Amino acid sequence: MDSQRPTGASPPPDSTPPSISLVLLSFIAIAAIVLVPTGSPSLLNSLSIVHQVPEGHVGVYWRGGALLKTITEPGFHTKMPFLTQFEPVQVTLQTDEVTDIPCGTKGGVMIVFGKIEVVNRLHKESVYETLLNYGVHYDKTWIYDKIHHEINQFCSSHSLQQVYIDVFDQIDEKMKDALQVDCTRYAPGIEIIGVRVTKPNIPESIRRNFEQMEEERTKVLIAIEKQKVSEEEAETAKKMAISEAEKNANVSKILMEQKLLEKDSARKQEEIENAMYLAREKSLADADFYRVIREAEANRLKLTPEFLELKFIESIANNTKIFFGDKIPNMILDQRLLGNFLVDEVSRGAAIKKTKADI
């Protein structure tokens with residue numbers, strides 16, 4: 001009796017009304033559908049209503065497997081669950097790494113490129129056309145597979161020496177150009193920015209040979225550089241010696257020119273002095289000659305009997321020697337002058353005697 005609940009009685013306190021449970025379950029289901037992350041698998045992605053497009057990407061949509069032309073920008077967006085699928089597609093620079101690429105060289109040696117990085121970008125305005133033609137994984141067709149193809153083409157037309165050393169620095173540009181040519185032709189929205197190729201892995205025995213060759217080449221280069229240094233030093237010493245010799249020659253030339261100028265100056269000075277001396281002596285000679293001529297003319301004018309007689313008398317008068325005795329020294333005299341002198345002496349003697357007599 002006690003276990004039966006009468007009709008119209010209120011339920012126990014711990015029981016939950018069916019309407020509240022239904023509302024709670026519905027809320028949990030809707031929250032689960034709305035809050036499913038976009039990075040979940042495609043089934044969960046198709047169930048989500050609100051989704052997020054990250055920065056640097058655009059949102060693309062498929063409905064019933066058909067690609068829609070709707071392209072959304074970064075941010076939160078909504079879509080119809082179950083019917084519409086969503087994928088974010090990157091439109092900024094991205095780097096695709098292609099690893100472990102085997103190839104055979106022209107000589108038949110198998111080598112492996114460990115990693116090739118391709119920097120590329122899909123233009124936003126070409127997203128629809130590119131995905132329509134090649135799908136979301138367009139880079140597999142035009143980058144991953146294309147790199148394998150181009151690397152094998154390159155290796156098959158070059159020897160190991162060329163691939164590993166001689167033209168290795170050209171592989172980057174060649175790969176970039178080859179990728180861009182096909183992308184421009186078939187997928188214009190893909191832009192190849194750059195390609196980075198790592199050194200390929202070659203067989204160990206061949207690698208040791210290359211290392212030995214590189215060591216020998218390094219030794220040769222060192223020897224060549226030493227020789228160049230020695231030649232440069234010798235050339236420098238030669239130039240210094242030539243410069244020193246030219247300097248000494250120029251100094252000697254300047255000193256010689258200075259001495260020649262001094263000698264020439266001394267010669268000119270001596271010529272001037274000689275000319276002055278010659279002119280002076282000539283003037284003196286001319287003056288002396290003129291004096292002699294004038295004296296001769298004067299003497300010629302003086303040579304009169306009276307002047308000669310005067311000079312004779314003066315000479316006799318200036319003679320202080322008087323001779324006494326019977327024998328008088330011989331003299332060469334002008335008989336006329338002597339006669340006149342004797343006459344004068346006789347007259348003077350007579351005059352003296354007369355004077356004495358008068359006294």
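# Exercises on a predicted model

L122 stands opposite I190 in β8. The model is predicted. The exercises below start from this strand pair and move outward.

## Exercise 1: the sheet

Task: In what order do the strands of the open sheet lie, and which are the edge strands?

Solution.

Step 1. Take the pair that holds L122 and I190. Strand β7 covers residues 110–122 and pairs with β8 over 7 bridges. The sense is antiparallel.

Step 2. Turn to β6. This strand is joined to β7 by 10 bridges, and the two run antiparallel. Here E97 stands opposite E117 in β7.

Step 3. Put the pairs together. The 3 strands form an open sheet in the order β6-β7-β8, with antiparallel pairing.

Step 4. Find the edges. β6 (94–104) and β8 (190–197) each pair on one side only, which makes them the edge strands.

Step 5. Add the twist. From one strand to the next, the twist averages 30°.

## Exercise 2: the hairpin

Task: Which residue takes a positive phi in the hairpin of β6 and β7?

Solution.

Step 1. Locate the connection. There are 5 residues between the strands of this hairpin.

Step 2. Check the backbone there. G108 has a positive phi, near 95°.

## Exercise 3: helices on the sheet

Task: Which strands does helix α4 lie across, and which strands does helix α6 touch?

Solution.

Step 1. Helix α4 spans residues 138–156 and lies across β6, β7 and β8. Its direction is at about 35° to β6.

Step 2. Helix α6 spans residues 171–186 and also packs on the sheet. The strands touched by α6 are β7 and β8. The direction of α6 makes about 160° with that of β8.

## Exercise 4: a salt bridge across the sheet

Task: Which parts of the chain does the salt bridge of E191 and R121 link?

Solution.

Step 1. Set the scene. The structure has 17 salt bridges.

Step 2. Check the distance. The side chains of E191 and R121 meet at 2.7 Å, N to O.

Step 3. Place the partners. E191 is in strand β8 and R121 is in strand β7, 70 residues apart. The pair therefore links distant parts of the chain.

Step 4. Read the accessibility. E191 has a relative accessible area of 25% and is partly exposed. R121, at 28%, also counts as partly exposed.

## Exercise 5: a network in helix α7

Task: Which residues do salt bridges with shared partners join into one network in this part of the chain?

Solution.

Step 1. Start at R267. R267 bridges to D264, with the closest N and O atoms 2.5 Å apart. Both residues lie in helix α7 (residues 204–302). They are 3 residues apart, about one turn of the helix.

Step 2. Follow R267 to its other partner here. E271 forms a salt bridge with R267, with closest N and O atoms 2.7 Å apart. The two are 4 residues apart in helix α7, so about one helical turn separates them.

Step 3. Collect the members. D264, R267, K268 and E271 form one network through shared partners.

Step 4. Check the exposure. D264 is partly exposed at 27%, R267 at 39% and E271 at 42%.

## Exercise 6: aromatic pairs

Task: How are the rings of Y61 and F86 arranged, and how are those of Y134 and W142?

Solution.

Step 1. The count of aromatic pairs is 3.

Step 2. Take Y61 and F86. Their ring centres are 5.6 Å apart and the planes stand at 40°, so this pair is tilted. Y61 lies in strand β2 (residues 57–63) and F86 in strand β5 (residues 84–90). The pair thus ties together parts 25 residues apart in sequence. Both Y61 and F86 are buried.

Step 3. Take Y134 and W142. The centres are 5.4 Å apart and the planes stand at 90°, so this pair is edge-to-face. The cut-off for that class is over 60 degrees.

Step 4. Compare exposure. Y134 is partly exposed at 24%, whereas W142 is buried at 11%. The dividing value is 20%.

Step 5. Extend the group. Ring pairs link Y134 and W142 with Y186 into a cluster.

## Exercise 7: a charge over rings

Task: Over which rings does K199 lie?

Solution.

Step 1. K199 lies over the face of Y164, 4.8 Å from the ring centre.

Step 2. The charged end of K199 also sits over the ring of F168, at 4.1 Å from its centre.

Technical notes
Residues are numbered from 1 along each chain as its sequence is written. This is a predicted model: local features need pLDDT of at least 70, side-chain atom pairs count only at pLDDT 80 or more; totals for chains, interfaces and linings use all residues. Side-chain values use heavy atoms; hydrogens and water are left out. Rings of Phe, Tyr and Trp (its six-membered ring) pair if their centres lie within 6.5 Å; planes under 30 degrees apart count as stacked, over 60 as edge-to-face and the rest as tilted. Buried means under 20% relative accessible area, exposed over 50%, partly exposed in between (1.4 Å probe, protein chains only). A charge sits over a ring if NZ of Lys or CZ of Arg is within 6 Å of the ring centre and within 35 degrees of the ring normal. Two strands pair if DSSP finds at least two bridges between them. Axes are lines fitted to C-alpha atoms, for helices over the stretch in contact, and angles run from 0 to 180 degrees between N-to-C directions. Contact means heavy atoms within 4.5 Å. A salt bridge is a side-chain nitrogen of Lys or Arg within 4 Å of a carboxyl oxygen of Asp or Glu.
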